[in-house]
Amino acid sequence: MTALPELFATFGKIGVNSFGGPAAQIAVMHRVLVDEKRWLSEAEFLRALSFCMLLPGPEAMQLATYAGWQQRGRTGGLIAGGLFVLPGAALILALAAAYVAFGSVPLVAGLFFGVKACVAVIVIEALLRMSRRALRASTDRALALAALVAIFAFAVPFPAIIVIAALIGAAMGGHAHTPVPETSRRRQGGAKTLGILGTGLAIWFAPLAVLALAGQTLLVEIGLYFSKLAVVTFGGAYAVLGYMTQTVVQQYGWVTTGQMIDALGMAETTPGPLILVTEFVGFLAGHGAGGAALGVAAAALTLWVTFVPCFVWIFTFAPAIDRIAARPRLGAALRGITAAVVGVVANLALWFALAVLFGPTAPFVAGPLRLPMPDFASLDLRALALGVAAAVMLLRLRWPMTLVLALSAIAGAVLAA
């Protein structure tokens, strides 16, 4: 059993170095947990990663939680998962407060003008990367296209797209049985599993019950929304951002599309899961309704309902990881979800590109069809030039993302002066 100080030191190091999105974070954990510490074998690491990809929520954070759970049970899982999230969460909160205080200052506004153009390219880069990995067959490409049309042109809810894609994938999946190697170090019976799940759900929703009794309507609304988001975040943060952007901007009016792009730029340059962008949205929603104190409360609540479910899923199902990860139909369902997610990320790329390059769009409506139509006379040539430059640096020259974001911010400040 690993000593707690070593557990704190190891996952603290992982947490403060978890830049660059899930791929980079998973690579860091593989180097530390498999190569250096040898806490997980290669087979255990890959099986755990596959399992975490089947779950809603940030797979890298859940993988860290699983590794900590393997070492010290639920205490180790809480330490590992918490240290993976908290450094980035603290930094996002500080940046959100500074954004509210200084975001309208011309210099700061210019910096974010450059960041917006770069973020649109970052999403396109993520789309290309996901497409190469996920769209291997014509059925995958068809699912991705159908998902794009459904969410962009017909506003089909993201959860419905995920469920339908999973069902289609499972129906098309194979039936062969995969031998299951028994390597998990912990076992638990069905009664204990249900007990852990019930306790986890109670802890998850306890703050919402207290807030409802206290009459905190806005906080309850924020908590319920991000709780729902927590169970549909399959396929990574980019997938759910498309759905979140449409709902928090159009339905709730908590933030603008420009603020969402700024939030993503902040999350891209800070450690921790990209889904920490939800904390920024929660802070702005609370701050706009009741000032700094309500903003901090909303941000804390958003963190709670976003990440507590991750611990619940791991502590409940991790003992059965070997058996679950080897189910062929679950793998096929995941492939269907992954293909649909590519279409949803394409929708996010379109949304951000329209917001960065053009002024407000007037939707074209015909029955269930609802297409955003840009005014081409409002094309911002400065944003286009910044976007092209960022695309060359990221896609052609393959410069580091943080460097390109910094250069784009500087260029944006110069052009906006």
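## Two loops with an unusual twist

Let's start in the loop that runs between helix H6 (138-153) and helix H7 (158-172), which is where Ala-155 sits. Keep in mind as you look around that this is a predicted model. What is the phi of Ala-155? It is near 55 degrees, a positive value in a residue other than glycine. That's worth a second look, since most residues other than glycine have a negative phi. Ala-155 counts as exposed because its relative accessibility is 52%, and exposed means over 50%.

Now scroll back to Arg-38, which belongs to the loop between helix H2 (21-36) and helix H3 (42-54). Arg-38 isn't a glycine, yet its phi is positive, at about 55 degrees. With a relative accessibility of 65%, Arg-38 is counted as exposed.

## Charged partners

How many salt bridges does the structure hold? There are six. Let's walk through some of them.

One of them pairs Lys-37 with Glu-6, and the closest N and O atoms of this pair are 3.0 Å apart. These partners come from distant parts of the chain: Lys-37 is in the loop between H2 and H3, Glu-6 is in helix H1 (residues 4-16), and 31 residues separate them. Lys-37 has a relative accessible area of 32%, so it is called partly exposed. Glu-6 is partly exposed too, at 34%.

Another salt bridge joins Glu-36 to Lys-13, with 3.9 Å between the closest N and O atoms. Here again distant parts of the chain are linked, with Glu-36 in helix H2 and Lys-13 in helix H1, 23 residues apart. Glu-36 is partly exposed, with a relative accessible area of 44%. Lys-13 also counts as partly exposed, at 44% relative accessibility.

Next, find Lys-116 and Asp-262, a salt bridge whose closest N and O atoms are 2.9 Å apart. Lys-116 is in helix H5 (residues 106-134) and Asp-262 is in helix H11 (residues 257-268), so this pair ties together parts that are 146 residues apart in sequence. Is Asp-262 buried or exposed? Asp-262 is buried, because its relative accessible area is 1% and the cut-off for buried is under 20%. There's a small network as well: Lys-13, Arg-31 and Glu-36 are joined into one by salt bridges that share partners.

## A greasy patch on the surface

Head for the residues around 381-416 and you'll find a nonpolar surface patch of about 940 Å². Which residues make this patch? They are Leu-379, Leu-381, Leu-384, Val-388, Val-392, Leu-397, Trp-399, Leu-403, Leu-407, Ile-410 and Val-414. Helix H16 (381-396) and helix H17 (401-416) supply at least two patch residues each.

Pick out Leu-381 if you'd like one example from this patch. You'll find Leu-381 in helix H16, and it counts as exposed because its relative accessibility is 60%.

## Into the core

Time to go inside. The largest nonpolar core has 137 residues. The ones with the most contacts inside this core are Phe-11, Met-29, Val-123, Phe-226, Tyr-238, Met-244 and Val-248.

Take Phe-226 from that list. Setting aside its neighbours within four places in sequence, Phe-226 is in contact with Met-244, Trp-254, Thr-278, Val-281, Thr-302, Val-305 and Thr-306.

## A buried asparagine

Now look for Asn-347, in helix H15 (residues 328-357). Asn-347 is buried, with a relative accessible area of 0%. Which residues does Asn-347 contact, leaving aside its neighbours within four places in sequence? Leu-148, Ile-151, Phe-152, Gly-242 and Gln-246 do the job.

## Cysteines on their own

A disulfide is a covalent bond between the sulfur atoms of two cysteines. How many disulfides does a search of the whole structure find? The count is zero. Cys-310, for instance, is in no disulfide, and the nearest cysteine sulfur, that of Cys-52, is 9.3 Å away. For a disulfide, the sulfur atoms would have to be within 2.5 Å.

Are these cysteines buried or exposed? Cys-310 counts as buried, with 1% relative accessibility. Cys-118 is counted as buried as well, at 1%.

How values were computed. Residues are numbered from 1 along each chain as its sequence is written. This is a predicted model: local features need pLDDT of at least 70, side-chain atom pairs count only at pLDDT 80 or more; totals for chains, interfaces and linings use all residues. Side-chain values use heavy atoms; hydrogens and water are left out. Helices (H or I, at least four residues) and strands (E, at least two) are DSSP runs, numbered from the N terminus. Buried means under 20% relative accessible area, exposed over 50%, partly exposed in between (1.4 Å probe, protein chains only). Patches are made of residues with over 30% relative accessible area and no salt bridge: like charges are joined within 9 Å, nonpolar side chains (Val, Leu, Ile, Met, Phe, Trp, Tyr) within 5 Å. Accessible areas come from the Shrake-Rupley method with a 1.4 Å probe; for residues, only the protein chains shown count as cover. A salt bridge is a side-chain nitrogen of Lys or Arg within 4 Å of a carboxyl oxygen of Asp or Glu. Contact means heavy atoms within 4.5 Å. A nonpolar core is a set of buried Ala, Val, Leu, Ile, Met, Phe, Trp, Tyr and Cys residues joined through side-chain atoms within 4.5 Å.
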